[in-house]
Every structure is written in structure tokens, then in C-alpha cells.
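Grab a viewer and work through these short exercises with the coordinates open. Try each task before reading its solution.

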Amino acid sequence: MNAPREYPRPTVGDFAPITALLGASGLPTADLSLPALAHFRVSRDGERIVAVAGLQPLGSAGLLRSVAVAPDRRGTGLATRLVAALEAEATRLGIHTLYLLTNTAERFFAARGYTVLPRAAAPAALKETAEFRQLCPDSAVCMQKVLA
Ligand SMILES: CC(C)(COP(=O)(O)OP(=O)(O)OC[C@H]1O[C@@H](n2cnc3c(N)ncnc32)[C@H](O)[C@@H]1OP(=O)(O)O)[C@@H](O)C(=O)NCCC(=O)NCCS
């Protein structure tokens, strides 16, 4: 299935700018690799990556991660639209529930249908990910959304 033209999948040359945007946004990058970007989407302005969001499929569950928008583009709906694009992709992939960890954006995701759950209640496949095991602090809030 092709990605919508406005939010394409990243290309090889996008790896460095994506990790730079994530790093500048305080999000983990240590477990990212080119193959891991297979279910990421970006928004560009010309050559510049102005927003990114990623999906890590784990069977019938998925990890929503790496949602970041360049500071000068925040508040324009980019993250909302990228998350919606990934939710649609997750549904196409047969994913029933999305999970995420966040330190800073609990209210953003709550307004988009995500609910808090105890980190211990996440499925085993999620707990095995680098985000859960190493990269996100214990204080990070775990959230889930059951997809329609
Ligand atoms: C969180 C983030 C992705 C939102 O991106 P954005 O493109 O500005 O979001 P949108 O324009 O789609 O949505 C804006 C709405 O979200 C709210 N919002 C934005 N950032 C928020 C945050 N950190 N916490 C709570 N609400 C937030 C805005 O107040 C606005 O609310 P409104 O719709 O009621 O007006 C962006 O602030 C960011 O890159 N933050 C740093 C990285 C991060 O924390 N990522 C999330 C964890 S994966």
C-alpha cells in the first residue's frame, strides 16, 4: 500500500535529519535503523523534514513512537495528521491496539483517544522493545488506543 503523497515514507537520505529532529525533540533514537523506518512517515517542506511519526508493528499490537514536529511548525495540525495516517496504516496491517510511551505529550494523545494504562499491563511484545526496556524512563506514561 502506498503512503499518501503528503506524508511519504522516509528515504535513505532522511535518516540523519529524522534522528536530528527526534534528538532535538528529546526523543530516543538509539534503536533506530533504516529498516526500522519502514513504517515511519514524514512531512517535508521542500528538502526539509518538518515532522516525523513512526509505527513499530508487533503482531496485533503496535508501538506508536517518534512523533515530533519542528518547533516552528507546531500547532498547525501536523502531528495530528501524521498520527491519523499511522493509525490508518496500523489498521491496514491488522493491528488492533496502539501503545505509546510519552514524557511530555500525555494531553496531546488523550485528546486523540489514547488512554493511560499501567506500564505493566502492556503486552509482552511491547515490553520487549528497546523503548520500554531501556530508552524511556520509568516515569514515562504508557497509553493505548483500540483502533476501530
Ligand atoms: C507533541 C507534538 C508532536 C505536537 O505536534 P503539533 O504538530 O504541534 O500538534 P498538532 O498541531 O497536531 O496539535 C496541536 C494540539 O496539541 C496540543 N499539544 C501540542 N503539544 C502538546 C503537548 N506536548 N502536550 C499536550 N498538548 C500538546 C496543542 O495545544 C494543540 O491543542 P488544540 O488542538 O486543542 O489546539 C510536538 O509538540 C512535539 O514535537 N513535541 C516534542 C516531541 C514529543 O513530545 N513527542 C510526543 C511523544 S512521542
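**Exercise 1: the ligand shell**

By class, the shell around the ligand has 8 nonpolar, 7 polar and 3 charged residues. Here Ala, Val, Leu, Ile, Met, Phe, Trp, Tyr, Cys and Pro count as nonpolar, Asp, Glu, Lys and Arg as charged, and the others, Gly among them, as polar. A heads-up before going on: this is a predicted model, where local features need pLDDT of at least 70 and side-chain atom pairs count only at pLDDT 80 or more, while totals for chains, interfaces and linings use all residues. Residues are numbered from 1 along each chain as its sequence is written.

Task: find which residues come nearest to the ligand, and which elements give two or more residues to its shell.

Solution:
- Step 1. Collect the residues near the ligand (C-beta atom, placed from the backbone, within 6 Å of it). There are 18 of them, and R74, A79, T80, R107 and F108 come nearest.
- Step 2. Assign elements, taking helices (H or I, at least four residues) and strands (E, at least two) as DSSP runs numbered from the N terminus. Strand 3 (61-69), helix 2 (78-92) and helix 3 (106-110) each give two or more residues.
- Step 3. Look for the largest share: strand 3 supplies it, with 4 residues.

**Exercise 2: the faces of helix 2**

Task: work out where the buried residues of helix 2 point, and which strands they pack against.

Solution:
- Step 1. Check the geometry. Helix 2 has 15 residues and spans 21 Å from first to last C-alpha, close to the expected 21 Å (1.5 Å times one less than the number of residues).
- Step 2. List its buried residues (20 or more other C-beta atoms within 10 Å; exposed means 12 or fewer, partly exposed is in between; C-beta atoms are placed from the backbone). You should get L78, A79, L82, V83, L86, E87, E89 and A90.
- Step 3. Look down the axis. These buried residues fall within an arc of 165° (from the directions of the helix axis to the C-beta atoms), so they line one face of helix 2.
- Step 4. Find the partners: strand 1 (40-45), strand 2 (48-58), strand 3 and strand 4 (97-102).
- Step 5. Step past the end, and you'll meet G94 with a positive phi, near 85°.

**Exercise 3: the core**

Task: identify which residues have the most contacts inside the largest nonpolar core, and which element gives the largest share.

Solution:
- Step 1. Build the core from buried Ala, Val, Leu, Ile, Met, Phe, Trp, Tyr and Cys residues joined through C-beta atoms within 7 Å. The largest one has 35 residues, with A51, L64, L82 and L100 making the most contacts inside it.
- Step 2. Helix 2 supplies the largest share, 6 residues.
- Step 3. Zoom in on L82. Skipping neighbours within four places in sequence, L82 is in contact (C-beta atoms, placed from the backbone, within 7 Å) with Y7, R41, S43, A51, A53 and V67.

**Exercise 4: four single residues**

Task: decide whether D72, S66, R119 and K145 are buried, exposed or partly exposed.

Solution:
- Step 1. D72, in the loop between strand 3 and helix 2, is exposed because it has 9 other C-beta atoms within 10 Å.
- Step 2. S66 sits in strand 3 and is buried, with 24 such atoms within 10 Å. Its phi is positive, near 55°, though S66 isn't a glycine.
- Step 3. R119, in the loop between strand 5 (115-116) and helix 4 (124-127), has 17 C-beta neighbours inside 10 Å, so R119 counts as partly exposed.
- Step 4. K145, in strand 6, has 20 C-beta neighbours inside 10 Å and counts as buried. Leaving aside neighbours within four places, K145 touches T97, L98, G113 and Y114 by the contact criterion.

Note on methods
Contact = placed C-beta atoms within 7 Å.
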